[in-house]
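Student: I'd like to learn how to read the sheets and the helices packed on them. Can we walk through an example together?
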Amino acid sequence: MKLLQKLNYGGSCDTPAVPQGAALSIDSLYFRYPGSSMRALDNISLVVNPGERVALIGPNGAGKSTLLNVIVGIESGHTGEIQVYGNPAHECRHRMAIVPQRSSIDWRFPVTVRQVVMMGRYVHLGWFRWPRQEDQDRVDQAMEMMDIANLAERQVGELSGGQQQRVMLARTLAHDADLLLLDEPLNHVDISTQELIFHTLEKLTAAGKAVIVSTHDLGVLTVHFSRAVFIDRRVIADGRVEEVVTPETIAKAYGFEFHKDYVP
Amino acid sequence: MIDFILEPLAYGFVLRGLLAGVLAAVSCALLSAFVVWRGMAFVGDALAHAILPGIVVAYIFGFSFFFGALGAAAAAVLLIGMISGRRRLKEDTAIGIVFSGFFALGVLFMSRITTYQDLSHILFGNILGVSSTDLTVMAVVVAITVISLAFSFKELVVTSFDSAHSMAIGLSPTLLRYFLLFLIAITTVVAIQTVGVILVLSLLVTPGAAASMISKRLKTIMIVSTALSLVSTVIGFYVSYYGNVASGPAIVLTLTLFFVCAFAWSHIIGYLRHASGGRER
């Protein structure tokens, strides 16, 4: 029975979201990579509410990607509780979607833009079901929103970095998740794509969805995010962007000191 | 001309050989697209070699060589997974160890058997030695492969393209990989009848590679790959019959020739596009 459960994926989901609850609630999360003696995540607790747009920042190797991967279930073997809309995180995978780091994707694999965006619908389909008209419509809408409808039949490998990132976001739109995790979505992205990504994220959060974006681009923080979480294996600071992004945290993140009395 | 084509088929064993070749060609060519684009050529080759001891053991104890081969393939895949698991050694290293170890074991078993002639058929194929029982087993295996591919196509594509996304939706890429390895293993056993252990990799890699020179769409690649594989098998088969040469190399060389043509074609097209100064599409 357990094996069958493991083999199965997608399809309908019986556990309803808990109203008025947190979108994401993490309680004392510990994680260690197999074979490593050091904790990659050390006692992380975090609550994100519906409608929030949170920037996840920290130095390289701080565990930003690891945290997102553990939340979404790409890395297994953590201890501590992760709840998504009041349910155990991996019970209902419709509610959560990730835009993974570019390097986790085989861009040369021969698939079209439409095929990739359709992958966002797979969680609703599961085994032995082909996309229906409703799924096709959702894919069309998602491509329309990300302004890539004209690229539908192109191979993803032929596109620019910015276009590829639009395809990935269109896929999460087709997924129709309530909690979106984006892992370094701004790398190799042109300005207009960056604006479109933020514009879309703002629309989603305005509609009550929750978004967590990991980034090392501190420049975009003050404009586009209300809240930042600074992690370095542990949560170092969590709060309004201007409280979290201080000369001390920047120095910690990038390994150099600001002179506090330095006035440009 | 008609006589030229029909004459060999009047013999039952020749007809069975051609049918066996066609079955192997279809099954290998469909998998070929995934073998090429997921970079599984080495593990495919390893599987083909690793099943040798299974076949020899089946031969010695007189049970179906199909199950002997499948058992050896399963053992090889599990061992590769064990050695490369937990990130201790890279997978190609694990494949290298298991592949050569199993093949050596197979050759060792073979050297204890005096009827070397029979087993050279395993190494180089014996397309004219296919019995009707073999043919039935092969047809069942090919049907399983084709149906499995049709029903897991979208899952295979998503795990190949983006393993992070597939894990996030609860679909295990490891599971799909083992599933694909299983299909490659049973297909290899079928193909060994026609081209043998040594050359089976050609059927698993060359059609997909040639088709990829012509198209960039996965479905088109699979169709073109199947067509090329079928045509090569038939041509190779007749060359073998009339030229009195071994069937395996004849099939493989025809396929290789198609690849060379496709390769040249894609370069000429690329050159012409470049020369005309136009951007691609």
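Tutor: Sure, and keep in mind that this is a predicted model. Let's start with a helix on a sheet: helix α2 (residues 64-72) of chain A lies across β1, β2 and β4 of chain A, and its direction is at about 65° to β2(A).

Student: What is the strand order in the open sheet of four strands in chain A, and how do they pair?

Tutor: The general idea goes like this: strands of a sheet pair through backbone hydrogen bonds, in either a parallel or an antiparallel way. Here the order is β2-β1-β4-β5 in chain A, with antiparallel pairing. At the edges stand β2 (41-48) and β5 (87-88) of chain A, each with a single partner strand, so one side of each has no neighbour in the sheet.

Student: How many bridges hold β1 and β4 of chain A together?

Tutor: Five bridges, linking β1 (residues 24-31) to β4 (residues 79-84) of chain A in the antiparallel sense. To see one pairing, pick A:Asp27: its bridge partner in β4(A) is A:Glu81.

Student: And which strands make up the open sheet of six in chain A?

Tutor: Read across, the order is β6-β7-β8-β3-β9-β10 of chain A, and the pairing is mixed. The edge strands are β6 (96-99) and β10 (234-240) of chain A, each pairing on one side only. From one strand to the next, the twist averages 15°.

Student: Where could I look for a parallel pair?

Tutor: Try β3 (residues 53-57) and β9 (residues 227-232) of chain A, which run parallel and are joined by four bridges. A:Ile57 has A:Phe230 as its bridge partner in β9(A). Then look at helix α7 (residues 191-206) of chain A: this helix packs on the sheet, touching β3, β7 and β8 (210-214) of chain A, and its direction makes about 145° with that of β8(A).

Student: What does helix α6 of chain A lie across?

Tutor: Helix α6 (residues 161-175) lies across β6 and β7 (179-183) of chain A, running at about 175° to β6(A).

Student: Stepping back, how many helices and strands does chain A have?

Tutor: Chain A has 10 helices and 10 strands. Its radius of gyration is 19 Å, close to the 18 Å from the globule rule for 264 residues, so chain A is as compact as a globular protein of that length. Buried residues make up 40% of the 264 residues in chain A.

Student: How many residues of each chain take part in the contact?

Tutor: Chain A gives 25 residues and chain B gives 23. By class, the side of chain B that touches chain A has 13 nonpolar, four polar and six charged residues.

Methods:
Residues are numbered from 1 along each chain as its sequence is written. Chains are lettered from A and ligands numbered from 1 in the order in which they are written. This is a predicted model: local features need pLDDT of at least 70, side-chain atom pairs count only at pLDDT 80 or more; totals for chains, interfaces and linings use all residues. Helices (H or I, at least four residues) and strands (E, at least two) are DSSP runs, numbered from the N terminus. The radius of gyration is taken over C-alpha atoms; the globule rule is 2.2 Å times the number of residues to the power 0.38. A residue is buried if 20 or more other C-beta atoms lie within 10 Å of its own, exposed if 12 or fewer, and partly exposed in between; C-beta atoms are placed from the backbone. Two residues are in contact if their C-beta atoms, placed from the backbone, lie within 7 Å. Ala, Val, Leu, Ile, Met, Phe, Trp, Tyr, Cys and Pro count as nonpolar, Asp, Glu, Lys and Arg as charged, and the others, Gly among them, as polar. Two strands pair if DSSP finds at least two bridges between them. Axes are lines fitted to C-alpha atoms, for helices over the stretch in contact, and angles run from 0 to 180 degrees between N-to-C directions.
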